[in-house]
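These are my notebook entries on a structure that I looked up. I kept each entry short and recorded the cut-offs beside the terms.

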Protein chains: 2
Amino acid sequence: MWDVAEELKAMLVFAEHRYYGESLPFGNNSFKDSRYLNYLTSEQALADFAVLIKYLKRTIPGAKNQPVIALGGSYGGMLAAWFRMKYPHMVVGALAASAPIWHFGNLVPCGVFMKIVTEDFRKSGPNCSETIHDSWGAITRLARTGSGLHWLSEALHLCTPLRNSQDVQHLKGWISETWINLAMVDYPYESNFLQPLPAWPIKVVCKYLNNPSLSDAQLLQNIFQALNIYYNYSGQARCLNISETTTSNLGTQGWSYQACTEMVMPFCTNGIDDMFEPRSWNFREYSDDCFKQWGVRPRPAWITTVYGGRNISSHSNIVFSNGELDPWSGGGVTKDITDTLVAITIPEGAHHLDLRARNAFDPTTVLLARSLEVRHMKQWIRDFYASQRKKH
Amino acid sequence: MWDVAEELKAMLVFAEHRYYGESLPFGNNSFKDSRYLNYLTSEQALADFAVLIKYLKRTIPGAKNQPVIALGGSYGGMLAAWFRMKYPHMVVGALAASAPIWHFGNLVPCGVFMKIVTEDFRKSGPNCSETIHDSWGAITRLARTGSGLHWLSEALHLCTPLRNSQDVQHLKGWISETWINLAMVDYPYESNFLQPLPAWPIKVVCKYLNNPSLSDAQLLQNIFQALNIYYNYSGQARCLNISETTTSNLGTQGWSYQACTEMVMPFCTNGIDDMFEPRSWNFREYSDDCFKQWGVRPRPAWITTVYGGRNISSHSNIVFSNGELDPWSGGGVTKDITDTLVAITIPEGAHHLDLRARNAFDPTTVLLARSLEVRHMKQWIRDFYASQRKKH
């Protein structure tokens, strides 16, 4: 965005989403009671952006008649797309990078996400996804005895030793989360989005996961080496903490509440199309967990009702970009819908690689994507000025 | 709608707006506290319609893949237009009859409404608008003494005698409201929308208001005759009640709250372009009254922020119809915006005449308007099926 802003002589505005960062409508109480959380919705966030744009146009000299473009990645990409859909009078277009706007209801199969994660590992080294696939059974077998639990805790350098089967379930969830995060940030150069990582981190991880015929203990020792790449690339960690998967705070509280109200994304695995233990999508369990944590129950049909699901062809001027390595691309728009609702896919791209700063190691496909994106933006701006001229 | 539904083999659904009629989310408490009124907004109403349509499609055999059209008049017309703007995936188009979507902010002059009311009286009989213009001074002069107040109360057959200048102000407001209502329902045949009335009621009223040179007392006696047409066409009323202007309950409580939150429509008069006493638009006073009545303050910029104001050209498939006699047409869309955002004007039409049932006295201009409206609806339906075929 910094690179492109210069080219387009644009002002950049980063709007903080309500309930994230410092934008807490009820201060420190904002997350204390579901009454205070009622105002945390995507629609309210979009309304904030609308009011903000009006305010900026009114108060910043020269801004009044300038065209505005919405940009965002991930949830921010969904918001960008939805903003153009709901407030087309406010923005001439939107770039929705890695925005899984269709990962709701039954718009895409619930297994698509984990299938792409698996594919990333399969392609990144021989036997890599198979090794991970086998690791779950190995953990289960080792965890059957007290000494096995002890050995596992030591071998994985866990900060807190495993005590029971619940801890083991938690461990498996944490390891799965790690592979998922690696798939999201499988960037072609050293980076620090969720964790400091080497270039093409899955390739690095997979170097430890290439031997298909090992004992359970040997396999788990290799799994540790792989995890250690993700959690200890900087060499600072003395042990691995299974209650954390990311260093930076992406507002997990806010998202957890949103996932328990509007943003219900069904996930599942079957262990055949993916390398994970089979787990079906269980909405009732999901809803019960939400009720326990937040005192609310999710409304799984709402997002498709309000934002149109797959039926969005009457809108215009949205570029949906997706990296094919990115598991979120499974819920994204990866084919053109109309001439002005356009999909750009980046074969070597992970999660919103296109939004990252220029880098010498950028694959040509992301350079091409960025230049296409800018071309669309310039077209929206030209169309805006053309329609302004017609009015006067 | 009944006539057209038959032609289009359509199902008609009348959705009751929340907080109106029996749709009271908090039962009898719904209007007791502003806490319970938080959910009374146009956005929530649109969301209700979206959820309702999904429900009907899911539960009514054969409805699932049918195209839906939104229709409405007045506020209902605004909702129809806004629904197509915000939920274009739900309805193939909208007929917004007499929908003053631009009577907000400074999109139209605040005097336009009363100017049209005046024009209706001016055209309906010689000296008619002048007589009304002069009546306010006559009332003021007569009201200066106790005996004058008494005389006025008798001459106008008021149910409750006037006691002070506040009552006189109230009387003037009530009379103004009567002329406004007459302008809205100036239909070409006997009707009973706000009150039972003769055909072209303003013409009938103006027969009593055609003499420019009368004493104050004579003038007011004629004003009584005119008012009596509106309030006593059926001959049942024994006196005139200045706390009522309509017989049917159009949900004045709900609208009063909405007018005090989102639906802020500026009105003003200057006594030159209109036949009323001059009164400027005073937002502060308006806001204070709202605070007194509902404990809330209005957000006058919100409707244009959320629904786009005049900047709506990126939407499609909306017909805005307006009768030129209708004072609300001043805030309506009366010129085509694009090929698919179309204005239809009905020179002899009052408030959403086109939505009323066929009548032998319908002017040809409303027949033409209705046939154009149906033509657009058929086009939307054809386009819908064409795009369905393309998908499969």
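The entries below go from the whole model to single residues.

**Conventions.** I worked from a predicted model, in which local features need pLDDT of at least 70, side-chain atom pairs count only at pLDDT 80 or more, and totals for chains, interfaces and linings use all residues. Residues are numbered from 1 along each chain as its sequence is written, chains are lettered from A and ligands numbered from 1 in the order in which they are written, and side-chain values use heavy atoms, with hydrogens and water left out.

**Confidence.** I noted an ipTM of 0.90 and a pTM of 0.94 from the predictor for the complex. For chain A, the mean pLDDT (the predictor's confidence in each residue, from 0 to 100) is 95, and 99% of the residues reach 70 or more.

**Chain A as a whole.** I found 14 helices and 6 strands in chain A; helices (H or I, at least four residues) and strands (E, at least two) are DSSP runs, numbered from the N terminus. The radius of gyration of chain A is 22 Å, close to the 21 Å of the globule rule for 392 residues, so the chain is as compact as a globular protein of that length. That radius is taken over C-alpha atoms, and the rule is 2.2 Å times the number of residues to the power 0.38. The C-alpha trace of chain A spans about 80 × 50 × 40 Å along its principal axes. I recorded 51% of the 392 residues as buried, where buried means under 20% relative accessible area, exposed over 50%, and partly exposed in between (1.4 Å probe, protein chains only). Of the contacts (heavy atoms within 4.5 Å) in chain A with a separation of 6 or more, 67% join residues 24 or more positions apart.

**Relation of the chains.** I looked up how chain A maps onto chain B: a rotation of 180° with 0.0 Å of shift along its axis superposes them at an RMSD of 0.0 Å. That is the relation of a two-fold axis. The fit is by least squares on the C-alpha atoms of residues with pLDDT of at least 70 in both copies. In chain A, the C-alpha of A:K86 comes closest to the rotation axis, at 2.9 Å. The copies meet through the same surface, because 100% of the interface residues of chain A are also interface residues in chain B.

**Two helices.** I checked helix α10 of chain B, residues 216-231. Its buried residues, among them B:L219, B:I223 and B:F224, pack against α6, α7, α8, β4 and α9 of chain B. In helix α11 of chain A, I listed A:G254, A:S256, A:Y257, A:Q258 and A:A259 as buried. The buried residues of α11(A) pack against α2, α3, α4 and α12 of chain A.

**Single residues.** B:S176 lies in helix α8 of chain B and is buried, with a relative accessible area of 14%. Beyond its neighbours within four places in sequence, B:S176 contacts B:W136 and B:F276. I then looked for positive phi outside glycine. A:N317 has phi near 55°, sits in the loop between α13 and β5 of chain A, and is buried at 12%. B:W200 has phi of about 40°, is in the loop between β4 and α9 of chain B, and is partly exposed at 24%.

Definitions and conventions
The expected span of a helix is 1.5 Å times one less than its number of residues.
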